[in-house]
Each structure stands twice: as structure tokens, then as C-alpha cells.
Amino acid sequence: MNTDPIADFLTRIRNAQGAGHKVVTIPSSNLKKEMTKILFDQGYILSYKFEKEGFRETIKIALKYDKDNKQPVIKKLERVSKPGLRKYVNVDEMPKVLNGLGIAILSTSKGVITGKQARRENVGGEVLCYVY
């Protein structure tokens with residue numbers, strides 16, 4: 001049993017990029033699916049596929065690298081709100097990651113969205129992670 005599935009999700013992506021893998025397979029959940037969609041929409045991953053193998057569901061993520069120097073597009077994945085210490089923010093306290101170059105992924109009453117989207121919709125929530 002995994003006590004922090006979001007940290008596991010981020011660590012699997014981080015480790016796969018460090019090893020230079022093109023694809024990473026991650027156990028699925030609704031929250032991880034939404035985070036994957038955000039990473040794809042923001043251009044941090046090439047593609048993704050939700051697969052069902054028997055009773056298990058998995059997410060296959062195709063990782064994205066620079067064409068020139070073969071470096072991963074995602075420089076850092078940082079878990080913010082942890083099971084032992086949750087981090088909630090209002091719209092006024094919404095974090096700007098790398099002065100707007102990165103994204104914050106939040107869990108809000110309107111679903112899992114980016115920090116920019118949360119500011120636009122005037123809603124606060126739990127800061128899950130930073131990506132840049």
C-alpha cells in the first residue's frame with residue numbers, strides 16, 4: 001500500500017526521466033488522470049494513454065525531451081501539500097511558479113486545475129505540486 005500516491009506519481013516520472021526512458025507506466029486513479037491531462041495540456045509530456053489490464057488501470061505517459069541536448073522538458077517536479085502537512089491557499093495567496101514559467105497544480109472545488117486557471121475562476125484550494 002502506498003501512503004502518498006501523488007508523490008509516487010511524481011517520483012515515477014522523475015526517475016523515468018533520469019534514466020532516459022521514453023515511456024513510464026503508473027497505477028491509475030482519478031486524481032492522477034487529471035494531473036496527467038494537465039501535464040499534457042501544458043506541454044510537459046508528449047502523450048498519455050489510460051489502459052485497463054484486467055481489474056487494474058494504468059496510465060502510460062510518453063515523456064518529452066529537448067531535441068537539441070536530449071534534456072527532459074520537466075526540470076523539476078515538487079510535491080507541496082503532503083499527507084502530514086496539507087497546504088491550502090486562497091486566490092490572493094496563489095503561488096507563481098518561477099515567475100509564471102512553471103505551473104502549480106491545485107485540487108479545488110472546481111476539480112484539479114492549474115494556478116492560473118484557479119486565479120481566473122477566483123477559487124482557492126490545496127496546492128498539490130509545482131512543475132517547471
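## Aromatic pairs

This predicted model has 2 aromatic pairs. A pair of aromatic rings is described by the distance of the centres and the angle of the planes. Take phenylalanine 40 and tyrosine 48: their ring centres lie 5.4 Å apart, and their planes meet at 75°. That pair is edge-to-face, because the angle is over 60 degrees.

Tyrosine 48 also pairs with phenylalanine 50. Here the centres are 5.2 Å apart and the planes are at 45°. The pair counts as tilted, because 45° is neither under 30 degrees nor over 60. Tyrosine 48 takes part in both pairs. Phe40, Tyr48 and Phe50 form one aromatic cluster.

## How open is the cluster?

Are these rings buried, exposed or in between? Phenylalanine 40 has a relative accessibility of 34%, so it is partly exposed. Tyrosine 48 has a relative accessible area of 28% and is partly exposed too. Phenylalanine 50, at 31%, also counts as partly exposed. The reasoning rests on two cut-offs: buried means under 20%, and exposed means over 50%.

A charge joins the picture at phenylalanine 50. The charged end of lysine 33 sits over this ring. Its distance from the ring centre is 5.4 Å.

## The largest pocket

What is the volume of the largest pocket? It is about 160 Å³. Residues lining the largest pocket include Gln42, Pro95, Lys96, Val97 and Gly100. Gly102, Ile103, Ala104 and Thr114 are also among them, as are Gly115, Lys116 and Arg119.

Which elements give two or more residues to this lining? They are strand E6 (103-108) and helix H3 (115-120). Helix H3 gives the most, with 3 residues. By class, the lining has 4 nonpolar, 5 polar and 3 charged residues.

## Glycine 84

Where is glycine 84 placed along the chain? This residue is in the loop between strand E4 (77-79) and strand E5 (88-89). Glycine 84 has a relative accessible area of 78%. That value is over 50%, so glycine 84 counts as exposed.

Now look at aspartate 4. Along the chain, glycine 84 and aspartate 4 are 80 residues apart. In the 3D model, their C-alpha atoms are separated by 9.9 Å.

Conventions
Residues are numbered from 1 along each chain as its sequence is written. This is a predicted model: local features need pLDDT of at least 70, side-chain atom pairs count only at pLDDT 80 or more; totals for chains, interfaces and linings use all residues. Side-chain values use heavy atoms; hydrogens and water are left out. On a 1 Å grid over the protein atoms alone, a cavity is a set of points where a 1.4 Å probe fits but cannot get out, and a pocket is an open set with protein on both sides within 12 Å along at least five of seven lines; lining residues have an atom within 4 Å of a point. Grid points are joined across faces, edges and corners, and a volume is the space filled by probe spheres set on the points. Helices (H or I, at least four residues) and strands (E, at least two) are DSSP runs, numbered from the N terminus. Ala, Val, Leu, Ile, Met, Phe, Trp, Tyr, Cys and Pro count as nonpolar, Asp, Glu, Lys and Arg as charged, and the others, Gly among them, as polar. Buried means under 20% relative accessible area, exposed over 50%, partly exposed in between (1.4 Å probe, protein chains only). Rings of Phe, Tyr and Trp (its six-membered ring) pair if their centres lie within 6.5 Å; planes under 30 degrees apart count as stacked, over 60 as edge-to-face and the rest as tilted. A charge sits over a ring if NZ of Lys or CZ of Arg is within 6 Å of the ring centre and within 35 degrees of the ring normal.
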